[in-house]
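Student: Could you take a close look at one part of this model for me? I'd like to go through the salt bridges, partner by partner.

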Amino acid sequence: MADQRVVELFDEFMEMVKDFIVRHRLQYEDYAAVTRYLVRVSEAGEWPLWMDNFLEATVDTTSYGEGPWTPSAIEGPYYKPGAPLLSRQPYTLPMRPDEAGDKMLFKASVRNPAGEPLPAAVIDVWHATDKGLYSFIDAGMPDDFILRARVPVDEDGTTAFRSIRPAPYEIPKNGPTGDLLNSVLGRHTWRPAHLHFRITAEGYKPLVTQLYFEGDPYLDSDCAEGVKQGLIIPLSKTDVDGDSWTHGEFTFVLQPQ
Ligand code: BEZ
Ligand code: FE
């Protein structure tokens, strides 16, 4: 049996596209160019990247909803479930032995809209290296949970983890997604540096979000249009074991289920 919602959405979507073709009097060469481009995206395996770059930010605006909680943000195509749950303090994201980059201490607090701590929350965090590369994804990075972990929260709803400060991330520029952004649209292929989070706590909607850093050159031109004002944080310096580390902190507020 046909799913009525799917039928209605498909019909409306096709009407929209047909109307667009007529309005712009598209010709066979346009049709052939679009077909060739779609085949290229398929052959390059870039559909998840393409969708998340051009459309996920809009789906995000219709999904989590705004309220007295932390804004959600796009998940992007690089989340890997099953990251190790850290148990030994000080919590430290898994890294390669020679992991380059500014050492970073990140402090987090997880609360509900009434300001009460959520001690049973778990913070699944993932981010790129200081060269902007993701484990499992980029050539030269291991297929392992590097700079990815689940961080528990203490009784008072706070936690902290150690990592390195990620660099801005450039999406693959040599494939059809990058080609469209760079050569056809005259934009660029950069996202501002960011930390990804997926925060869960029983009785609350999972919060998928990102944090960006003040002063980043790509905050106003994120190729994936994922930046939200409430998610840009200052970074400072703090003393850790006698060394000066980059320091960030944030209070995450979860939306009740
Ligand atoms: C990311 O956040 O890493 C990302 C988002 C959209 C497209 C590609 C990457
Ligand atoms: Fe990312």
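**Salt bridges up close**

Tutor: Let's start with D241, which is exposed, since its relative accessibility comes to 66% and anything over 50% goes in that class. Keep in mind that we're looking at a predicted model. The side chain of D241 meets that of R162 in a salt bridge, with 3.5 Å from N to O. This pair links distant parts of the chain: D241 sits in the loop between strand 10 (236-240) and strand 11 (243-253), while R162 belongs to strand 4 (residues 158-164), and the two are 79 residues apart.

That's one of 9 salt bridges in the structure. Another one joins D179 and R40 through their side chains, at 3.2 Å from N to O. Here D179 lies in helix 5 (residues 176-184) and R40 in helix 2 (residues 28-43), so this salt bridge ties together parts that are 139 residues apart in sequence. As for how open these two are, D179 counts as partly exposed at 26% relative accessibility, and R40 is also partly exposed, with a relative accessible area of 37%.

Then there's the salt bridge between K131 and D130, where the closest N and O atoms are 3.3 Å apart. K131 is exposed, its relative accessible area being 58%, whereas D130 is partly exposed at 27%. The cut-off does the sorting here: the exposed class takes values over 50%, so K131 makes it in, and D130, with its 27%, falls in the class between buried and exposed.

Technical notes. Residues are numbered from 1 along each chain as its sequence is written. Chains are lettered from A and ligands numbered from 1 in the order in which they are written. This is a predicted model: local features need pLDDT of at least 70, side-chain atom pairs count only at pLDDT 80 or more; totals for chains, interfaces and linings use all residues. Side-chain values use heavy atoms; hydrogens and water are left out. A salt bridge is a side-chain nitrogen of Lys or Arg within 4 Å of a carboxyl oxygen of Asp or Glu. Helices (H or I, at least four residues) and strands (E, at least two) are DSSP runs, numbered from the N terminus. Buried means under 20% relative accessible area, exposed over 50%, partly exposed in between (1.4 Å probe, protein chains only).
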